[in-house]
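Let's take a look around this one together. Here is the structure.

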Amino acid sequence: GGLPRKRFYAGQVWAEHFGKPTLPQRDQVHRNYLPPHIYPMSQLPPFAIGPHYLLSADCAAFVHRNRDDLAGVGTLEDVSMGLWMLALQVHPQHSEQFTNA
């Protein structure tokens with residue numbers, strides 16, 4: 001029983017919670033502004049919105065091993081984590097126990 005020990009990433013995934021894709025913030029005065037030259041796509045990948053989410057040890061080890069090479073998405077570490085996990089084909093599992101909205 002319990003949580004998976006490998007390839008696990010979970011939290012509140014807004015794309016599932018709200019039933020629609022999460023869009024990058026393009027308003028320059030917003031604290032989460034994401035300029036098109038940093039993130040040119042029109043939708044963000046599914047990600048567990050911070051400040052809290054769960055990662056299995058192998059996923060955390062991937063981030064640690066590659067910390068010098070992984071590019072972040074501006075100051076948005078939760079979006080960055082979503083992209084890094086997508087590179088591993090580890091998709092976030094939505095959990096209502098993590099509530100940010």
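Start with α3, which lies across β1 and β2 and runs at about 150° to β1. Axes here are lines fitted to C-alpha atoms, for helices over the stretch in contact, with angles from 0 to 180 degrees between N-to-C directions. Helices (H or I, at least four residues) and strands (E, at least two) are DSSP runs, numbered from the N terminus.

A quick word on the source: this is a predicted model, where local features need pLDDT of at least 70, side-chain atom pairs count only at pLDDT 80 or more, and totals for chains, interfaces and linings use all residues. Residues are numbered from 1 along each chain as its sequence is written, and side-chain values use heavy atoms, leaving out hydrogens and water.

Back to α3: its buried residues (under 20% relative accessible area, 1.4 Å probe, protein chains only) include Val 79, Trp 84 and Met 85. Those buried residues of α3 pack against three elements (contact means heavy atoms within 4.5 Å):

| Element | Residues |
|---|---|
| β1 | 9–11 |
| β2 | 54–55 |
| α2 | 57–65 |

Right after α3 comes Gln 89, with a positive phi near 60°.

Now the sheet. It is open, with three strands in the order β2-β1-β3 and mixed pairing. β2 and β3 (93–94) sit at the edges with a single partner strand each, so one side of each has no neighbour in the sheet. β1 and β2 pair in the antiparallel sense over two bridges; strands count as paired if DSSP finds at least two bridges between them. Ala 10 has Leu 54 in β2 as its bridge partner.

Notes:
Buried < 20%, exposed > 50% of the residue type's maximum accessible area, 1.4 Å probe, protein only.
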